[in-house]
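Hi there,

Here is the structure I promised to pass on. Have a look at it first, and my notes follow below.

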Amino acid sequence: MTDNDQRVVLYTDGACRGNPGPGGWGVLMRYKGAEKRLCGGEPETTNNRMELMAAIEGLKALKRPCAVDLYTDSRYVQQGIDSWLKGWKAKGWRTASKAPVKNKDLWMLLDEQNQRHAVNWCWVKGHAGHEGNELADQLANQGLEEAQARQGA
């Protein structure tokens with residue numbers, strides 16, 4: 001068994017119709033040849049919130065601390081984790097311009113999950129034929145449709 005066989009692979013994506021508007025998140029999980037698909041949504045949200053929710057829910061679904069390769073097509077999520085988060089925390093959840101961090105509630109949840117696991121954050125270009133990302137996008141749209149259906153019911 002190789003080291004890659006021990007890693008969980010997550011493909012995450014968010015979707016929104018209007019910004020704000022109804023939105024959804026999707027996660028494709030792969031581990032040792034098994035696959036699990038997760039999705040959810042909200043009737044009124046933003047694309048960035050759904051991108052964050054996908055990563056949070058994917059990491060939360062892991063029952064124990066894991067080595068994870070997490071793929072996102074969101075520069076917002078990837079740069080937030082790699083470049084901005086440490087500074088935001090040091091400044092009391094304020095940006096460099098001293099403004100409150102947008103989506104602080106979700107960034108705090110993502111930070112908690114990120115610390116629970118050994119995550120390798122990977123950016124992938126969206127809508128470019130990358131199979132895992134395309135499936136995560138389909139799941140995000142499924143979550144969006146389900147959120148809209150619940151709202152209309």
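A good place to start is helix α3, where Leu106, Trp107, Leu110, Asp111, Gln113 and Asn114 are buried. Please keep in mind that this is a predicted model. The buried residues of α3 pack against two helices, α1 (47-60) and α2 (75-90), and against the strand β5 (118-123). I also checked the length of α3, which covers residues 104-116. Its 13 residues should span 18 Å at 1.5 Å a residue, and the C-alpha atoms at its ends are 18 Å apart, so the two values agree.

Next come a few backbone details in the loops. As background, most peptide bonds are trans, and most residues other than glycine have a negative phi.

The peptide bond from Asn19 to Pro20 is cis, with omega near 15 degrees. You will find Pro20 in the loop that runs between β1 (8-16) and β2 (21-31).

Two residues other than glycine have a positive phi, as follows:

- Lys98 has a phi of about 70 degrees and lies in the loop between α2 and α3. Its relative accessibility is 65%, so Lys98 counts as exposed, the cut-off being over 50%.
- His127 has a phi near 55 degrees and sits in the loop between β5 and α4 (131-152). With a relative accessible area of 60%, His127 is exposed too.

Happy to go through any of this with you at the screen.

Best wishes

Technical notes
Residues numbered from 1 in each chain as written. Predicted model: local features only at pLDDT ≥ 70, side-chain atom pairs only at ≥ 80, totals over all residues. Heavy atoms only, no water. Helix = DSSP H or I, 4+ residues; strand = E, 2+ residues; numbered from the N terminus. Expected span 1.5 Å × (residues − 1). Buried < 20%, exposed > 50% of the residue type's maximum accessible area, 1.4 Å probe, protein only. Contact = heavy atoms within 4.5 Å.
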